[in-house]
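Good morning, and thank you for coming. I would like to take you through one protein chain, beginning with charged pairs and ending with two individual residues. Please keep the sequence and the structure in view as I speak.

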Amino acid sequence: MALQHKKLFAVLAVSGLTLAACSDSGDGGNGGDVTNTDGRGEITFAMGKNDTGKLRPIIDKWNEKHPDEKVNLQELAGEADAQRDTLVQSLQAGSSDIDVMALDVVWTAQFAANGWLAPLEGDLSVETDGLLPATVESATYNDKLYALPQNTNAQLLFRNTELVKDAPENWDDLVKACEAVKNQDCLTMTLKQYEGLTVSTAAFMDGWGGGILDDQGNPTVTSDESREGLQALVDAYKDGTISKSSTGATEEETNLAFVGGNTAMAVNWPYMYDNAVAEDSAIKDKVEVSPLVGKDGVGVSTLGGYNNGININSKNKATALDFIQFIISEENQKSFAEQSFPPVLASIYDDAQLQEQFPYLEALKKSLENAKPRPASPQYDSLSKAVMDNSTAALTGDTSVEDATTEMEKAIQNTQG
């Protein structure tokens, strides 16, 4: 997320396009044929153009081995909302032009609820035991797997070791470390009023034992734990532990602040490591990473990445299934790691050679093991807006945490009808 990584894992822009309401079972919405599972032939794989460079070599290998079942790459726009609009328009029309689509993890529930994805069960069942559990959870809706994780991501705590020598063990340790940082910002993170703020709010609520929704989809933002987490975020912003510039920061502003040596610590996605240790970085020999911290220890990062879903209307679902499984082979997942594109295959993170080449891998694995997907809601966009709007009100002092979470709960309930 250099630029190409950043656009995938960072800003998950929301679209104004309203998705059709469908049954909670996710079994239908456009009359797609779930019984046609044995079709083989050429398929089209659609993905946002920022990261297709990682997939092209894999597609080329597949095509060399399967000349009668070639994969054609359809590059979508670079921006997440435009990608989704293209997919939604095609799927709503019942088109079979796209067979496999790389879905941002937060779209999976939306697409499943609309009946656009073929459930990965029966003839389309897949083995997921070797995948990081949180990635499988992100591809599951109503206890049914609707996509196969392709790549993933979790946030990390970056540290300038000249200013903060030791990795904090918990949130109190981080606050104390910041008390010793003088004459510059201590912690920068994404608190601008956009998706990044929803991610940050979720991290604090989850990291204090709460969360946005429970497993049944009910809002839990007014629980004692959730309120305590949001209060910790608000207090840290007000007392200067978190930089004042954070309320104007996306991933890129956070990246520039840390790589430029203007903040002692930062919360960001792994792409920033390559920038921080580059020759032109102000801190290239002073960088260490660790998992996020929460109230009592390791924190809870929000999960990022892509899940590969099969179009319910695809005429060649058997080929599509084989291809998405090919992507998560050990060889291909290792190639992702070598490009700082976090793999979903758990074993890759224990590769000693890769750990030496990418020192953040161990911390990233730990972060991923503790990560949580964003709420699996067909109305996610409205839910996210409810979170970010009310978190902003609490951060800017316009309202108390208690009132902000009360309003947040009401707004979430309104999105659920």
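Let us begin with Asp51 and Lys54, whose side chains meet in a salt bridge with an N to O distance of 2.6 Å. By salt bridge I mean a side-chain nitrogen of Lys or Arg within 4 Å of a carboxyl oxygen of Asp or Glu. Before going further, I should say that this is a predicted model, in which local features need pLDDT of at least 70 and side-chain atom pairs count only at pLDDT 80 or more, while totals for chains, interfaces and linings use all residues. Residues are numbered from 1 along each chain as its sequence is written, and side-chain values use heavy atoms, with hydrogens and water left out.

Are Asp51 and Lys54 buried or exposed? Asp51 has a relative accessibility of 1% and therefore counts as buried; Lys54, at 2%, is buried as well. Here buried means under 20% relative accessible area, exposed means over 50%, and partly exposed lies in between, using a 1.4 Å probe and protein chains only.

A second pair is Arg56 and Glu75, joined by a salt bridge at 2.8 Å, N to O. This pair links distant parts of the chain, since Arg56 belongs to helix H2 (residues 52-65) and Glu75 to strand S2 (residues 71-76), 19 residues apart. Helices (H or I, at least four residues) and strands (E, at least two) are DSSP runs, numbered from the N terminus. Arg56 is partly exposed, with a relative accessible area of 40%, and Glu75 is partly exposed at 40%.

For a pair within one helix, please look at Lys410 and Glu407, whose salt bridge has an N to O distance of 3.5 Å. Both residues lie in helix H16 (residues 401-415), three residues apart, which is about one turn of the helix. Lys410 is partly exposed at 43%, and Glu407 is partly exposed at 39%. Elsewhere, salt bridges that share partners join Arg40, Glu69 and Asp322 into one network. How many salt bridges does a search of the whole structure find? The search finds 19.

I now return to helix H2. Its 14 residues should span 20 Å at 1.5 Å a residue, and its end C-alpha atoms are indeed 20 Å apart. The expected span is 1.5 Å times one less than the number of residues. Which residues of H2 are buried? They are Thr52, Lys54, Leu55, Ile58, Ile59, Trp62 and Asn63. Seen down the axis of H2, these buried residues fall within an arc of 150°, so they line one face of the helix. The arc is that of the directions from the helix axis to the C-beta atoms. On the other side of H2, Asp60 and Glu64 are exposed.

Helix H15 (residues 380-395) offers a second example. For its 16 residues the expected span is 22 Å, and the end C-alpha atoms are 22 Å apart, which agrees. H15 is mostly covered, with 13 of its 16 residues buried. After H15 comes Gly397, which has a positive phi, near 85°.

Next, the domains. The chain is divided into domain 1 (43-153 + 304-372) and domain 2 (154-302 + 376-416), with bounds that come from an automatic or database domain assignment. Their C-alpha centres lie 27 Å apart. Domain 1 brings 20 residues to the contact and domain 2 brings 22 residues, where contact means heavy atoms within 4.5 Å.

The area buried between the two domains is about 1800 Å², and carbon and sulfur atoms give 63% of it. Buried area is the accessible area (1.4 Å probe) that two parts lose on being put together, summed over both. Asn153, Tyr360 and Lys372 supply 29% of the area that domain 1 buries against domain 2, more than any other three residues. Across this interface there are two salt bridges.

Finally, two single residues. Thr250 lies in the loop between helix H8 (224-238) and helix H9 (251-259), and is buried at 14% relative accessibility. Beyond its neighbours within four places in sequence, Thr250 is in contact with Thr190, Lys192 and Tyr194.

Ser290 is found in strand S10 (residues 287-290), and it is buried at 8%. What does Ser290 touch, not counting residues up to four places away in sequence? Its contacts are Leu156, Leu157, Arg159, Ala167 and Ala363. Thank you for your attention.
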